[in-house]
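Visitor: I'm new to this one. Could you walk me through how to read it?

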Amino acid sequence: MATRKFADSTRYHLSPKGFWKKFRDAVVINPEISSGLPLPGVFRYPPPGSRPEVYATPATKASDPAQNPYWKRDVRRVYPQLSVVTQTELSSLLIQHSQAPAVAAPAEGEAADGSSVPATAPEPIELTAAIAKVSSAGKLFSESKLPPTLPVSSKRWIPERVDDAPHDPSAYFPMLLYK
């Protein structure tokens, strides 16, 4: 048999005493309902503001004025920084990204200890030679292999001409309406 559980209305809330208890019992529709006023000693123990400790903000690098100058915090003067890519870096990037990525299989001795294979840096190639090498490999993009596009959350708007707004046929009306 399941027992019916309910909250005791007088356990955590103030209840009236004396005349007001008799008045409440006579007037109230449901005498078991709580007054809604929590007991101060039981509701939140320990009560807020009773703890003797004082919170101290931990010292960080930002709180040290010597390590946090104004010019680093001033967001109005955060100008875009220039990025420089040399021709040799660009040519190596073109060569690396034009071919399929190849992963070297680990040698028999290295597979057991789990050490990784050191990457070898490609030799520098002139930019014109790199462009010629990439373009001679074949057509980069075709109708089936399109270049990458930026991801957009909305559909691109394609203008479609709709009927003109109502106007006097003899009046000059240069407006064209598009949907």
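Visitor: In which helix of the chain is confidence lowest, and in which is it highest?

Guide: Confidence here means pLDDT, the predictor's score for each residue, from 0 to 100. In this chain it is lowest in helix α4 (residues 108-113), with a mean of 58, and highest in α1, with a mean of 91. The mean pLDDT of the whole chain is 80, and 83% of its residues reach 70 or more. Helices, by the way, are DSSP runs of H or I with at least four residues, numbered from the N terminus.

Visitor: Any ground rules before we go on?

Guide: This is a predicted model, where local features need pLDDT of at least 70 and side-chain atom pairs count only at pLDDT 80 or more, while totals for chains, interfaces and linings use all residues. Residues are numbered from 1 along each chain as its sequence is written, and side-chain values use heavy atoms, with hydrogens and water left out.

Visitor: How many aromatic pairs are there?

Guide: Rings of Phe, Tyr and Trp (its six-membered ring) pair if their centres lie within 6.5 Å; planes under 30 degrees apart are stacked, over 60 edge-to-face, and the rest tilted. By that rule the count is three. One of them is stacked: phenylalanine 19 with phenylalanine 23, at 6.2 Å centre to centre and 25° between the planes. Both sit in helix α1, four residues apart, about one turn of the helix. Tryptophan 20 and phenylalanine 23 make an edge-to-face pair, at 5.8 Å and 90°. These two are also in α1, three residues apart. Ring pairs link Phe19, Trp20 and Phe23 into a cluster.

Visitor: Why do residues three or four places apart point the same way?

Guide: An α-helix has 3.6 residues a turn, so residues at that spacing point the same way.

Visitor: Is phenylalanine 19 buried or exposed?

Guide: Check the relative accessible area: under 20% is buried, over 50% exposed, and in between partly exposed (1.4 Å probe, protein chains only). Phenylalanine 19 is exposed because its value is 57%. Tryptophan 20, at 56%, is exposed too, while phenylalanine 23 is partly exposed at 42%.

Visitor: Which residues of α5 are buried?

Guide: They are Leu127, Ala130 and Val134. Down the axis of α5, the buried residues fall within an arc of 60°, so they line one face of the helix. That arc is taken from the directions from the helix axis to the C-beta atoms. The face turned away from this buried side carries the exposed residues Thr128 and Ser136.

Visitor: What do the buried residues of α5 pack against?

Guide: They pack against α3. After α5 comes glycine 138, with a positive phi near 145°.

Visitor: And which residues is asparagine 68 in contact with?

Guide: Contact means heavy atoms within 4.5 Å. Leaving aside neighbours within four places in sequence, asparagine 68 touches Lys61, Ala62 and Arg73. Asparagine 68 lies in the loop between α1 (19-27) and α2 (70-73), and counts as buried because its relative accessibility is 18%.

Visitor: Which side chain does aspartate 74 join in a polar contact?

Guide: A polar contact is a pair of N or O atoms within 3.5 Å; within protein, one must be able to donate a hydrogen and the other to accept it, and residues adjacent in sequence count only if both atoms are side-chain atoms. Aspartate 74 joins arginine 76 at 3.1 Å, side chain to side chain. Aspartate 74 is buried, at 7%, in the loop between α2 and α3 (87-98).
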